[in-house]
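Reader: I would like a close look at a single part of this model. Please take one strand and follow it through its neighbours, its packing and the loop that leads to it.

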Amino acid sequence: MNLRIVDGSKNGQYFKLNKGTAKLSGTHYQYSSDPSPVGPNPITYQLWNKTSGNSFGTIKATPNKNGTSSSVSGSYSGLGGGTKYYLQIFRVDDGRNIKGSGKISN
């Protein structure tokens, strides 16, 4: 995550989710930084549905300052089911370069 936003709809990363609640779980970490970084700032994980245009909330987590992996977890509710769910992952630039992985499922 060198940029301030990763948009699943822009890179074709869609999820099939059932009606109800979906869980997000994963990790993220700082792999490098610019000189004199600030923060680290929280990263926001927002779930959207491409077809309806609805958002199902946000989950926020802050990476560890020392470069070790930290967890991300939470849930989104009110899903109607379907194949066009995607995440937007964004943050305010803080001079830290972040990588991560995880899954969303229900």
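Author: Two strands pair if DSSP finds at least two bridges between them. The model is predicted, and the part taken here is strand S3, which spans 43–49.

On one side, S3 is joined to S4 by five bridges, and the two strands run antiparallel. Within this pairing, threonine 44 of S3 stands opposite lysine 60 in S4. S3 and S4 form a hairpin with five residues between the strands. In that hairpin, glycine 53 has a positive phi near 80°.

S3 also pairs with S5: six bridges join these strands, again in an antiparallel arrangement. Here glutamine 46 has glutamine 88 in S5 as its bridge partner.

S3 is mostly covered, with six of its seven residues buried. The strand also takes part in the largest nonpolar core, which has 17 residues. Among the residues with the most contacts inside this core are Tyr45 and Leu47, listed together with Leu24, Tyr76, Leu79 and Ile104. S3 supplies at least two residues of the core, as do S2 (15–33), S4 (55–61), S5 (70–90) and S6 (96–105). The most comes from S5, with six residues.

Leucine 47 shows how these elements meet. Leaving out residues up to four places away in sequence, leucine 47 touches Leu17, Asn54, Ser55, Phe56, Gly57, Tyr76, Leu79, Tyr85, Tyr86, Leu87 and Ile104. Of these contacts, Tyr76, Leu79 and Ile104 are also on the list of residues with the most contacts inside the core.

The loop between S2 and S3 holds two backbone features. Proline 40 lies in this loop, and the peptide bond from glycine 39 to proline 40 is cis, with omega near 15°. Serine 36 is placed in the loop between S2 and S3 as well. Serine 36 has a positive phi of about 55°, although it is not a glycine. The side of the cut-off on which serine 36 falls is clear: exposed means over 50% relative accessible area, and serine 36 counts as exposed because its relative accessibility is 69%.

Outside S3, one charged pair completes the account. The salt bridge count comes to one. Aspartate 94 and arginine 91 form a salt bridge, with the closest N and O atoms 2.7 Å apart. Both aspartate 94 and arginine 91 are buried.

How values were computed:
Residues numbered from 1 in each chain as written. Predicted model: local features only at pLDDT ≥ 70, side-chain atom pairs only at ≥ 80, totals over all residues. Heavy atoms only, no water. Salt bridge = Lys/Arg side-chain N within 4 Å of Asp/Glu carboxyl O. Buried < 20%, exposed > 50% of the residue type's maximum accessible area, 1.4 Å probe, protein only. Core = buried A, V, L, I, M, F, W, Y, C linked by side-chain atoms within 4.5 Å. Helix = DSSP H or I, 4+ residues; strand = E, 2+ residues; numbered from the N terminus. Contact = heavy atoms within 4.5 Å.
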